[in-house]
Amino acid sequence: MALDTVAIAQTTPEAIQPYAQLGLKPDEYARIRQILGRRPTSSELAMYSVMWSEHCSYKSSKVHLKQFGDKAPKSDALLVGIGENAGVVDVGQGYAVTFKIESHNHPSFVEPYQGAATGIGGIVRDILTMGARPVAVMDPLRFGPADAPDTRRVLPGIVAGVGGYGNCLGLPNIGGEVIFDETYSGNPLVNALCVGVMKHSDIKLAKAAGAGNLVVLYGAKTGGDGIGGVSVLASETFGAGGSTKRPSVQVGDPFVEKVLIECSLEIFAEDLVVGIQDLGGAGLSCATSELASGGSGGMKVALDKVPLRDPSLSPEEILMSESQERMCAIVEPEKLARFLEICAKWDVTVTAIGEVTDGDRLVITWNDEIIVNVPPRTVAHEGPVYNRPMAQPAYIDDVNSQTVKVPIPNTAAEIKATVLELAATPNLADKSWVTSQYDKYVQGNTIQSQPDDSGMVRIDECTHLGVAISTDANANWSYLNPYQGAKLALAEAARNIATAGARPLAVTNCLNFGSPEDPGVMWQFAESVRGLADGCLEMGLPVTGGNVSFYNQTGAVAILPTPVIGVLGVIDDVRTRTPMSFESAGLDLYLLGDTHADLAGSEWAFMHGQRVGQSPTADLAREMRLIEVLLAGRVEKIFSAAHDLSQGGLSAGLTEMVLRHSVGATITLADVGISLLSESPGRVIVAIEPSKTDALSSLAAKYQITLSRLGTTGGNALRINDAVISLDELRTAHTATFQKLFC
Amino acid sequence: MRVGVITFPGTLDDRDAARAVNVGGAEAVSLWHADADLKSVDAVILPGGFSYGDYLRCGAISRFAPVMNLVIEAAEKGMPVLGICNGFQVLCESHLLPGALTRNSDLHFLCRDQEIEITNTQTAWTSSYSVGQKIVIPLKNGEGSFQCDDKTLAQLEGEGRVIARYVGQNPNGSRNLIAGISNARGNVVGLMPHPEHAIDPLTGPTAQGLGFFTSILNDMVK
């Protein structure tokens, strides 16, 4: 194909351009022509098509997401907010923590191993780009039914990809989720979270300032993989009979990324960059336009200088390639020599490809001919914005008007069967088959990981300062009521951190939904965002960033609305955390919080094929009081253990606690069926020494949290009223499921 | 006493190993793969990780790193060398130890708390333990199955050079449940599980791995 230059574009305004194949709509194409005052060159068209994709431009979600800013609570903790690669939070002692969660759903369905692997790689680079050392990852995963044939293809590949990449980077995997539902068959969700640590003074931003400064590309060479990953793959639904889209999936090389991390941290430590951006979705198109846009706007790039894995790539392909493990830095000329030296030490390929210029145009040349000349803001930030039509879907009134009808156990035999059934159901069963494929020990700072309520890492070996993170979503509740669902997920994630005694500080989110072109899906999305923004305002937790993944839909079937909420918290001394379970007999067990007949959206209802009823209503004021109880209980050393109740209710919570250290419990319950199965939010099991009874009572009374006695610890069985479930049979039920499904 | 910890590109557990050395009472000294300089250390640790990505055989490229020539030379003169996980693989590729580490029998990466039994306390790295002592330390690798021919196996067993064995079910298909071996002289030890991740119950399953790092001090006193 002949080179298309700006000069040619000016003289051939009527040339037919393949904008539709690149994912652009006719009016979007018209707008590009209007911005430029001529037709775009093929390279410009390539850039606009990837940057104006749903994935990069947030064109359907932007009008809703601005609530996170409009309703932002006052927070002294937020050092860098939404808009940069990741938000940065002050955790004290001069430390700052950056964390973010992103989706890699579509690539992981097409090519499970590489899709999941590069999902980890991408989020880790986002964290690195802020100037931080990545210290841990987490991965909430969702699949079709556990016994579906395609799940057997997708799940092992995704788990191996998460492990293969993360393990090789030396990042402990400290938690996540594995959830099954039929709406995720054909649309598995692979969300990846990374957290990084730095000193306040080390924060880096994506901006190209200072005319004459150099644009330096370093890391892997550019290849033909992942072309159009954000546009033709991640911003469309999967249809029947289409192409496999496999070439749009990137291929990762974790070794190169590990070296890139160490090399970058050494470069940062010597203060050699003015601005920095990683190359992820939309590759060089994104990095150059965002860096230029973050500065004064002027930048000149010689695209022919980009080192290539495949010398036959065209300029358009180079601009669109999503080859992994690449970074783009803005470097002052006098610091280039040292920059090159550090890259040489790590055997990292590095090339100066351009410079920051005066003016406000991003100019890209190919062998000295101008192929791109655009105002970078129009590429990076001023893309189309859609107010998509939305309407409450018809199913809402229908399901909300029904009530859950499920068997409620009462006799000893029924109780035992129910507890064992819940322990073994795939959504609640032991996930060791998955987590044992992840390195949780590397770096030597992991305090908590699966199956604890949250992941926790130490960030200072002397002071024992640490951070805790949890990610949660309850898509069944979000389906019944997306507004409440988002609030409840936020509350759950915050509670999961607080059980260990860490104070929630900030929120990230990964909003996974079906097609935004479906008004019902758009309504689910809008309600979820409204719920999350209201919830964050009420709980005083700022949203630091996040990610929207639309088009998780095959044909007419959209996934359940799945807003995955990540909450980060801080703990001043990790040695004093409250553990998730008890190690000794003779402790008293109490329940904090109220239990109602909340079966709608519960695991028990799901197991009986019922997705009806009304979700619980989030009471965030009460959740905040409960958090204060948990934090005070840690400081006052009242708790021997604390464990959050969520999916599977008290039955699942007790199962997890007694199996953790093989210490049983004897529990007495009134209204035993509902007590075991209800998933009323805002509840925590705590274990205390009997001598702490008064302290616990007065703490609960002070914060007006209902306290009820459950029983005592000890023995080699879980006894609930007259039912006796030996720990051996409970463990067998809990651990056999994944072995049977995936070995 | 100075203990060198080598960093190859792709090494992951170097900072953990250095921490363990320091907690054990020696001074950790960072060594870079490309430097032909052992910085006058008294012993060397090759830590875990995926050196050069392990895309060829594990350890096959690292074995040719400039620093390895010095390590091989020093080891042959009796300097204590401990290879953990990827480091064990590098020692096998360097022919400082016999055999090879192959893919785990179930073909998955496996990370878990593993009980092992110390079976030889005469080496530079195991003298803090007693024979038959059982300890729990993390095991985490994809290619940890120790393999060798029958003659080598008979020699290792006959000479008491199996220094640690897995207890219970074989986690990765290693012959004779071998978790670690030494050379004939006892100064070079390769170990698949990770004692450097078990120096503090706060961050590891136990503190029972610390013995490997205190043993080396006993060795120097001798």
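In chain B, 75% of the contacts between residues at least 6 apart in sequence join residues at least 24 apart; two residues are in contact if their C-beta atoms, placed from the backbone, lie within 7 Å. This is a predicted model, in which local features need pLDDT of at least 70 and side-chain atom pairs count only at pLDDT 80 or more, while totals for chains, interfaces and linings use all residues. Residues are numbered from 1 along each chain as its sequence is written, and chains are lettered from A and ligands numbered from 1 in the order in which they are written.

**Chain B**

Chain B has 5 helices and 11 strands; helices (H or I, at least four residues) and strands (E, at least two) are DSSP runs, numbered from the N terminus. The C-alpha trace of chain B spans about 40 × 35 × 35 Å along its principal axes. A compact globule of 222 residues would have a radius of gyration near 17 Å, and the 15 Å of chain B agrees with this. That radius is taken over C-alpha atoms, and the globule rule is 2.2 Å times the number of residues to the power 0.38.

Of the 222 residues in chain B, 59% are buried. A residue is buried if 20 or more other C-beta atoms lie within 10 Å of its own, exposed if 12 or fewer, and partly exposed in between. Strand β9 (residues 162–166) of chain B has 4 of its 5 residues buried, so it is largely enclosed by the rest of the structure. Antiparallel to β9(B) run β6(B), joined to it by 3 bridges, and strand β10 (residues 178–182) of chain B, also joined to it by 3 bridges. Arg165(B) in β9(B) is the bridge partner of Glu117(B), and Ala164(B) stands opposite Gly180(B) in β10(B).

**Where the chains meet**

The contact takes 23 residues from chain B and 23 residues from chain A. On the side of chain B, the elements giving two or more residues are α1 (14–24), β6 (110–118) and β7 (134–141). The residues of this side divide into 9 nonpolar, 8 polar and 6 charged. Here Ala, Val, Leu, Ile, Met, Phe, Trp, Tyr, Cys and Pro count as nonpolar, Asp, Glu, Lys and Arg as charged, and the others, Gly among them, as polar.

**Two sheets of chain A**

Strands pair if DSSP finds at least two bridges between them. Chain A has two open sheets of 6 strands with mixed pairing, listed below.

| Strand order (chain A) | Edge strands (chain A) | Average turn between neighbours, direction ignored |
|---|---|---|
| β1-β2-β3-β6-β4-β5 | β1 (78–80) and β5 (173–180) | 25 degrees |
| β14-β15-β16-β21-β17-β18 | β14 (446–448) and β18 (543–549) | 20 degrees |

Angles run from 0 to 180 degrees between N-to-C directions, and axes are lines fitted to C-alpha atoms, for helices over the stretch in contact.

In the sheet that holds β1(A), this strand pairs with strand β2 (residues 87–92) of chain A in the antiparallel sense over 2 bridges. Val80(A) stands opposite Val88(A) in β2(A). Helix α9 (residues 149–169) of chain A packs on this sheet and touches β4 (133–143), β5 and β6 (189–199) of chain A, with a direction at about 180 degrees to that of β4(A).

In the other sheet, strand β17 (residues 503–512) of chain A runs parallel to β18(A), and 6 bridges join them. Asn509(A) stands opposite Gly546(A) in β18(A). Helix α21 (residues 519–539) of chain A packs on the sheet, touching β17, β18 and β21 of chain A, and its direction makes about 175 degrees with that of β17(A).
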